Amino acid sequence: MKSVIWARWRARLNHERPLLRELAVLLLACLVVGIYFLEHLDARLAQSRVQHLEALARQTAHAAGDYIVAGNLVSLNVIARQTGSLAPVARVQLEDAGGRVLASHGDDALGTPVSQPVRLGDQGIVGNVTLWSASQQATRQQVEAGFVLIVLCLLGLRVIATLVYRRLNGEPLWAAPEASLPASPTSDEPEQEKVEGEVPPLAVLHITVVNLVHWQARYTEERWRSMLAPYDALLRTVTGLYGARRVSELADGAVLSFAADADTTLPREAAFHGVCAGMLFLRVARRLGEQRKAAGEPALEFKALVTTDVAGLGNSACCDAGLPGRVHVPEQELAALELDTRSLYRTEQALTVHRDEQGDEQALFRLQPLEQLAQRYQKLINDQAARIHAH
């Protein structure tokens, strides 16, 4: 269960990789600019602190001159206590001309002190006033907290802008895990198969090769499977991407089953996943076929069928009767599965086929070819196809 949850979160993060990259760049830029200004702020605060202490030391020296000469320790202690209680001052010390401490206030302080000689008329220097600056750590922490808040606001505004853009363009705000791409779409590692019987499938996707009998008769078994190899790799990617289970390979008429999970609890959602998987496979397979034609190699075409009748004996035959390059859905399932609101199709293109029901009995069966999905879903399919094709 944990591995499934992690796989879904990883798929979501992979889909949001461009946004995460932008956020990382924005965060890095904010950090660089913030550190630069914080360093300059520290230098300016230190300079301002020294100027304030020098001015305060001059004022204190002027007030304490007469009392130092008179040896009035009471008044000197009052002056020291009043000066030391000021916020910018950590400690104040009043000395006579010989360096003897007459009065002081405050705890021992670190840092470079500011000294100011006490002058009194013709008597020259009669003492000295020394001030130590109070720590500016609280001010620095307030500035850093404000900077962090600003950065978080900028990142939040960037995310909100993305969500607003998606809403205005009719896209889902957050893509489901199946709308993301695996890290390596062309990996040869087989996807993990779901244990059969654990969760019953809600929908199936049939994919068959156009003119399958012709291809099989024309080429040897080894050559035929080598032709199918790149398409099989694509099918494995799509299977893992949409959390399906591959029941059979392309050589035997591929079947993917879609079962209920945390995100797919209804047959209509499972069927929609099947439609998306079929659309994606056909789109990339078409591009792959164009590349193979340009290289002088045989190109294959495919057709697909999605249905919730998972045990239907005639599904493969109905898929064979469909149009090349299209995903087909039984006409009676379109509205029942709400696929009519998520896809574009033309009712006049519906196909009437015969399907064996029981024994030799046959029934008319109408298939509706789908042209594409609704805009916001089709854009995701196009993006997925572009990324798979790029790999």
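A residue counts as exposed when its relative accessible area is over 50% and as buried when that area is under 20%. With those cut-offs, this briefing on a predicted model turns to helix 10, whose face turned away from its buried side carries the exposed residues Q375 and A390. It then takes up the aromatic pairs, of which the count comes to five, and the surroundings of S343, a residue of strand 10.

**Helix 10**

- Helix 10 covers residues 375–390, and its 16 residues reach 22 Å from the first C-alpha to the last, which is close to the 22 Å expected at 1.5 Å a residue.
- The buried residues of helix 10 include Y377, Q378, L380 and I381, and Q384, A385 and I388 are also buried there.
- Seen down the axis of helix 10, the buried residues fall within an arc of 155°, so they line one face of the helix.
- As general background to such a pattern, an α-helix has 3.6 residues a turn, so residues three or four places apart point the same way.

**Aromatic pairs**

- Among the five aromatic pairs is the one formed by W215 and Y219, which is stacked, with 5.9 Å from centre to centre and 15° between the planes.
- W215 has a relative accessible area of 12%, and because this is under 20%, the residue is buried.
- The rings of F281 and F302 have centres 5.1 Å apart and planes at 75°, and because an angle over 60 degrees counts as edge-to-face, the pair is classed that way.
- This pair of F281 and F302 links distant parts of the chain, since F281 belongs to helix 7 (residues 267–294) and F302 to strand 8 (residues 302–307), with the two residues 21 apart.
- Both partners are buried, F281 with a relative accessible area of 0% and F302 with a relative accessible area of 3%.
- Ring pairs also bring Y231 together with F281 and F302 in a cluster.

**A charge over a ring**

- R342 lies over the face of F272, at 4.4 Å from the ring centre.

**S343 and its surroundings**

- S343 is found in strand 10, which spans residues 343–345, and its relative accessible area of 7% makes it buried.
- The side chain of S343 reaches the backbone oxygen of L339 at a distance of 2.6 Å.
- Once the neighbours within four places in sequence are left aside, S343 is in contact with L370, Q372, L373 and A374.

Note on methods. Residues are numbered from 1 along each chain as its sequence is written. This is a predicted model: local features need pLDDT of at least 70, side-chain atom pairs count only at pLDDT 80 or more; totals for chains, interfaces and linings use all residues. Side-chain values use heavy atoms; hydrogens and water are left out. Rings of Phe, Tyr and Trp (its six-membered ring) pair if their centres lie within 6.5 Å; planes under 30 degrees apart count as stacked, over 60 as edge-to-face and the rest as tilted. Buried means under 20% relative accessible area, exposed over 50%, partly exposed in between (1.4 Å probe, protein chains only). Helices (H or I, at least four residues) and strands (E, at least two) are DSSP runs, numbered from the N terminus. A charge sits over a ring if NZ of Lys or CZ of Arg is within 6 Å of the ring centre and within 35 degrees of the ring normal. A polar contact is a pair of N or O atoms within 3.5 Å; within protein, one must be able to donate a hydrogen and the other to accept it, and residues adjacent in sequence count only if both atoms are side-chain atoms. Contact means heavy atoms within 4.5 Å. The expected span of a helix is 1.5 Å times one less than its number of residues. The arc is that of the directions from the helix axis to the C-beta atoms.
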